[in-house]
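Please open the structure in the viewer and keep the sequence panel in sight. The tour proceeds by selection, one stop at a time.

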Amino acid sequence: ERTKRRLALLFVILSFGAYFDFGNRNVRYSEYYHRHELYHYYLGSKYFDELGYSLLYDCTLVAEIDNGRQAQVVNREFRDLRENLIKQAKDTLVVKDPDFCRKRFSTERWEAFRKDVDWFYNSARGSYWERMQQDHGYNPPPVWTMTGKAIASLEPAGDGFFKMLASIDVVLQLGMIVMLHWAFGWRVGAIGCVFWGCNAAANFYWTGGAFLRQDWLFLLVASVCLARKKYFFWAGVALMWSALLRVFPVALYGGWVAMVIMYAVQRFRGRPPVDGDKGFLNFIHPNHRKLIWGSLLALAVLVPASMATTGGTAPYKAFIHHIGVHKHTPLTNHMGVPTIVSHTWEGRMRFTRNDNLDDAFKPWKDGRNERKEARDPLQKAIFIGTFLWIAWALRRSQLLWLGPALSLPLVMC
């Protein structure tokens with residue numbers, strides 16, 4: 001047993017080493033932190049009141065002009081996040097009327113933004129810097145913005161501060177392994193760490209050196225661990241918090257929803273109550289009630305708090321619109337059932353790209369969207385079938401931690 005524990009510890013250490021590429025400077029970011037990531041999430045959250053979800057790139061270029069680089073900016077291409085199209089700066093308000101951006105800031109805030117942009121330019125100049133303004137913008141929901149804004153506002157852009165921001169995720173990653181060890185034992189903790197450290201789809205290149213990129217994952221793991229240890233109220237709080245940070249974890253409620261429904265059906269069919277409650281509550285298992293109350297409390301606290309710190313209901317409306325634009329913009333790295341069912345051989349980008357158009361990828365995007373819409377009933381059927389399959393698998397189980405774990409396929413759907 002002692003030898004097995006030592007081997008497990010060795011695998012945990014090797015897994016962390018694998019994720020961090022064993023410190024290889026050739027595959028890591030300079031000074032560890034990910035400038036591309038921090039440009040979007042540090043600036044996007046710190047100046048959210050002025051930039052919202054659509055003006056990060058526009059105002060960056062205006063700040064560049066004020067920093068004396070107008071000649072570089074005029075012919076630069078950037079993504080107009082309102083339409084999700086690549087445009088030349090000289091054809092937009094960035095050059096024609098830069099005051100449209102400046103007037104959104106107070107004098108002090110504009111000066112701070114201009115200096116922060118200048119720091120990013122000097123630390124990532126060249127094509128790397130210019131490509132940052134062709135990405136897809138600042139995308140987290142208002143609840144993440146609430147936290148990100150509070151932390152990002154502590155210091156101006158700088159090397160030491162960004163190292164500190166990037167280290168938060170390392171603490172959360174260690175915390176996930178500790179939580180698994182606490183709830184499921186050292187074997188599961190070690191296996192979870194090996195899977196995480198060797199997961200090529202979410203390796204360090206994509207997720208490392210970032211700013212609060214692992215918060216939702218920590219809370220998701222915590223919700224399963226808390227349910228395993230029978231802290232059902234806090235399990236509900238953790239999963240709802242995770243969902244409010246990244247939206248898609250809400251699909252992991254599928255297993256719990258199925259378990260709540262099946263218990264209520266069994267009560268209607270004559271199953272005796274677990275406790276002496278009368279009325280409607282009698283049809284909800286006491287443990288299910290704790291999950292529900294925890295989830296509702298997180299919703300009732302975090303949403304109003306985010307509205308108070310980010311500008312009321314407007315950010316939520318803007319976020320819904322922003323994500324709607326993204327949903328109708330296919331990308332080559334999209335994954336999941338919608339991508340699978342809308343794919344055809346002849347519809348591949350290599351066959352449909354047309355460089356004679358302003359947007360060379362428009363035929364490919366239009367084709368993908370048309371096929372996706374046409375096959376929407378198939379996607380929904382797969383989702384419903386998967387949910388029913390998960391419900392069937394959970395029909396006799398009282399282990400609530402299984403609910404989110406077995407609901408992972410719903411995310412892919």
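Begin by selecting Phe113 in this predicted model. Leaving out residues up to four places away in sequence, Phe113 touches Tyr47, Leu51, Cys59, Thr60, Ala63 and Phe105. Phe113 also belongs to the largest nonpolar core, which has 99 residues. To see the members of this core that touch the most others, add Tyr42, Phe120, Phe162 and Trp256 to the selection of Phe113. Next, colour residues 159–184, which form helix α11. This helix contributes ten residues, the largest share of the core. In soluble globular proteins, nonpolar side chains tend to be buried together.

Leu51, a contact of Phe113, leads to the next stop. It is among the residues nearest the centre of the second largest pocket, together with Gly52, Tyr53, Ser54 and Ala318. The pocket has a volume of about 260 Å³, and its lining comprises 18 residues. Which helix gives the most to this lining? Select α18, residues 314–327: this helix supplies six of the lining residues. Helix α3, residues 48–51, also supplies at least two. By residue type, the lining consists of nine nonpolar, six polar and three charged residues.

Proceed now to Thr207, in helix α13. Is this residue buried or exposed? With a relative accessible area of 11%, Thr207 is buried. Display its side chain, which makes a polar contact with the side chain of Tyr19 at 2.7 Å. The side chain of Thr207 also reaches the backbone oxygen of Ala202, at 3.3 Å. Apart from neighbours within four places in sequence, the contacts of Thr207 are Tyr19, Asp169, Ala202, Arg213 and Gln214.

Helix α13 covers residues 204–207, and the loop between it and α14 (215–228) holds the next residue to select, Leu212. Although Leu212 is not a glycine, it has a positive phi of about 55 degrees. Its relative accessibility is 7%, so Leu212 counts as buried.

The final selection is Val247, located in the loop between α15 (232–246) and α16 (254–268). What is the sign of phi at Val247? Here phi is positive, about 70 degrees, and Val247 is likewise not a glycine. Its relative accessible area is 41%, so Val247 is partly exposed. Display Leu212 and Val247 together to end the tour: Leu212 is buried, whereas Val247 is partly exposed.

How values were computed: Residues numbered from 1 in each chain as written. Predicted model: local features only at pLDDT ≥ 70, side-chain atom pairs only at ≥ 80, totals over all residues. Heavy atoms only, no water. 1 Å grid on protein atoms, 1.4 Å probe; cavity = no way out; pocket = protein on both sides within 12 Å on 5 of 7 lines; lining within 4 Å. Points joined across faces, edges and corners; volume = space filled by probe spheres on them. Helix = DSSP H or I, 4+ residues; strand = E, 2+ residues; numbered from the N terminus. Nonpolar A, V, L, I, M, F, W, Y, C, P; charged D, E, K, R; others polar. Core = buried A, V, L, I, M, F, W, Y, C linked by side-chain atoms within 4.5 Å. Buried < 20%, exposed > 50% of the residue type's maximum accessible area, 1.4 Å probe, protein only. Contact = heavy atoms within 4.5 Å. Polar contact = N/O pair within 3.5 Å; in protein donor to acceptor, adjacent residues only side chain to side chain.
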